[in-house]
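Today I sat down with this model and a fresh page. Here it is, so you can follow along.

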Amino acid sequence: MKKAIVNNVFWLGKVDWELKKFHGDELTTNHGSTYNSYLICEEKNVLIDTVWMPFAGEYVDNLAKEIDLNQIDIIIANHGEVDHSGALPILMKYIPDTPIYCTANAVQSLKGQYHQDWNFQIVKTGDKLEIGNGKELIFVEMPMLHWPDSMATYLTKDNILFSNDAFGQHYATDKLFNNLVDQCDLFKEAMKYYANILNPFSQILRKKLEEVISLGLAIDIIATSHGVIWKDNPMQIVEKYSQWADNYQENQIIVIYGTMWNGTKIIAEKISEGIELIDPDAEVKVFNLTKSDQNDLITEVFKSKAIVIGSPTINNNLLSSVAGFIHLLKELKFKNKKAAVFGCYGWSGESTKLLNELLGNAGFEIIDEGFRNRWNPNEGQQSEAIEYGKKIANIWKEATII
Ligand code: FEO
């Protein structure tokens, strides 16, 4: 069922209440998601994006109840990823000649996925398309936000920016607009989305935000492709993105660890005690990696000014969970974050050295060789761990003051 956004612009996407994982199993979506598709009915009827493939049949059936498919004059594919283009193969069987406006890169991604030679019309930033009643669509390429093929489409007069993935959230709701949902949940999901998907492209994003602002387009509504539509003060999410894209951090330090027989866990807690003693204003949190949602943990890293990460040594190496998490940290290209490491060992004790190498390669500023502890920590060793926490907190505090 379509829902009105403003004037002749409608939402007719899919709310996916059940979704728990996205991008295969790579990203947790604890609040589900939505795939937002939009219909603009002016002298020309315009469809912007579709939905994920499993919902394609249901989507096209619903669309056909709202509009004679042959009356769709224009399709806009802002991005080729399957969660937005997934209904095209079914839809285009009904209307094979309808033009699909997209970037040159989107032609590649759509052809590469669906192996169809649809009526592609390539657009670039600044290109305009009249749709009647004095309204135009203006296209803005958004390469690497988050695919090379991404773009946004702006509708004049109604002043809507159809931003595709940018400004989205994996957040299932029956409410269309940002002011109608729990604000805490909304911003938590928006930040998780940014930290886990867009963070590697922060530098590009900063430039793109400046470019969009310099176009001088009035923006009354930001209609994303996931989650709620930003209709109430839409620039608030643009301002958030400006902050998040600028080496974002809060006054937070987190201690993350993997453990086998709890030695490294005890050290983690003692290091956190030491940090708290020196930096009581900072929020200090401790996470057992294997008992945490790794994507929520990424959001915690995103918020942190420093992380302390620990693994015991196993087979001359790290726990696979810790190594895998650092791989994810590297992918997400965090900047301006400090790190220290720790770990228990019984025999060879390579974990701290390896942690330092991996975290350094992942772009973290390493403080020293780390805190190593042989066997399970006794009282004296636990006190040493507290002292280590105090030591690293002091170093970080001094660095902040400078
Ligand atoms: Fe929501 Fe990049 O797809």
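My entries below cover a helix, a sheet, one lysine and some salt bridges.

**Ground rules**

I am working from a predicted model, in which local features need pLDDT of at least 70 and side-chain atom pairs count only at pLDDT 80 or more, while totals for chains, interfaces and linings use all residues. Residues are numbered from 1 along each chain as its sequence is written, and side-chain values use heavy atoms, with hydrogens and water left out.

**Entry: helix H10**

I took helices (H or I, at least four residues) and strands (E, at least two) as DSSP runs, numbered from the N terminus. I began with H10, residues 320–331, and asked what its length should be. The expected span is 1.5 Å times one less than the number of residues. For the twelve residues of H10 that gives 16 Å, and the end C-alpha atoms are 17 Å apart, which agrees.

Next I looked up burial, where buried means under 20% relative accessible area, exposed over 50% and partly exposed in between (1.4 Å probe, protein chains only). Which residues of H10 are buried? I noted Val322, Phe325, Ile326, Leu328 and Leu329. Viewed down the axis of H10, these buried residues fall within an arc of 155 degrees, so they line one face of the helix. That arc is taken from the directions from the helix axis to the C-beta atoms. An α-helix has 3.6 residues a turn, so residues three or four places apart point the same way. The face of H10 turned away from the buried side carries Ser320 and His327, which are exposed.

What do the buried residues of H10 pack against? I found strand E17 (252–257), helix H9 (294–303), strand E19 (306–310) and helix H11 (351–361). Contact here means heavy atoms within 4.5 Å. I also noticed that lysine 333, just after H10, takes a positive phi of about 55 degrees.

**Entry: the five-stranded sheet**

I count two strands as paired if DSSP finds at least two bridges between them. Five strands form an open sheet in the order E12-E13-E14-E15-E16, with mixed pairing. Strand E12 (128–132) and strand E16 (221–224) are the edges, each pairing on one side only. The twist averages 20 degrees from one strand to the next. For such angles, axes are lines fitted to C-alpha atoms (for helices, over the stretch in contact), and values run from 0 to 180 degrees between N-to-C directions.

I then followed E15 (residues 160–164) through its partners. E15 and E16 run parallel and are joined by four bridges. Leucine 161 stands opposite isoleucine 222 of E16, and phenylalanine 162 has alanine 223 as its bridge partner there. On the E14 side (residues 151–155), the pairing is antiparallel over three bridges, with leucine 155 opposite isoleucine 160. The hairpin of E14 and E15 has four residues between the strands, and lysine 157 takes a positive phi near 65 degrees in it.

Is E15 covered on one face or both? Both faces are covered: Ile160, Phe162 and Asn164 are buried on one side, Leu161 and Ser163 on the other.

**Entry: lysine 208**

I stopped at lysine 208, in helix H6 (residues 202–214), which counts as buried at 9% relative accessibility. Setting aside neighbours within four places in sequence, I find lysine 208 in contact with Val140, Glu141, Met142, Pro143 and Leu145.

**Entry: salt bridges**

How many salt bridges does the structure hold? I have 16 on my page, each a side-chain nitrogen of Lys or Arg within 4 Å of a carboxyl oxygen of Asp or Glu.

Lysine 192 pairs with aspartate 296, the closest N and O atoms being 3.0 Å apart. Lysine 192 lies in helix H5 (residues 183–198) and aspartate 296 in helix H9, so the pair ties together parts that are 104 residues apart in sequence. Lysine 192 is buried at 4% relative accessibility, whereas aspartate 296 is partly exposed at 26%.

Lysine 305 and aspartate 279 meet at 2.9 Å, N to O. Lysine 305 sits in the loop between H9 and E19 and aspartate 279 in the loop between H8 and strand E18 (283–288), so this pair ties together parts that are 26 residues apart in sequence. Lysine 305 is buried at 15%, and aspartate 279 is buried at 6%.

Lysine 270 and glutamate 273 also form a salt bridge, at 3.1 Å between the closest N and O atoms. They are three residues apart in helix H8 (residues 263–278), or about one helical turn. Last on my page is a network of salt bridges linking Glu42, Lys135 and Asp158.
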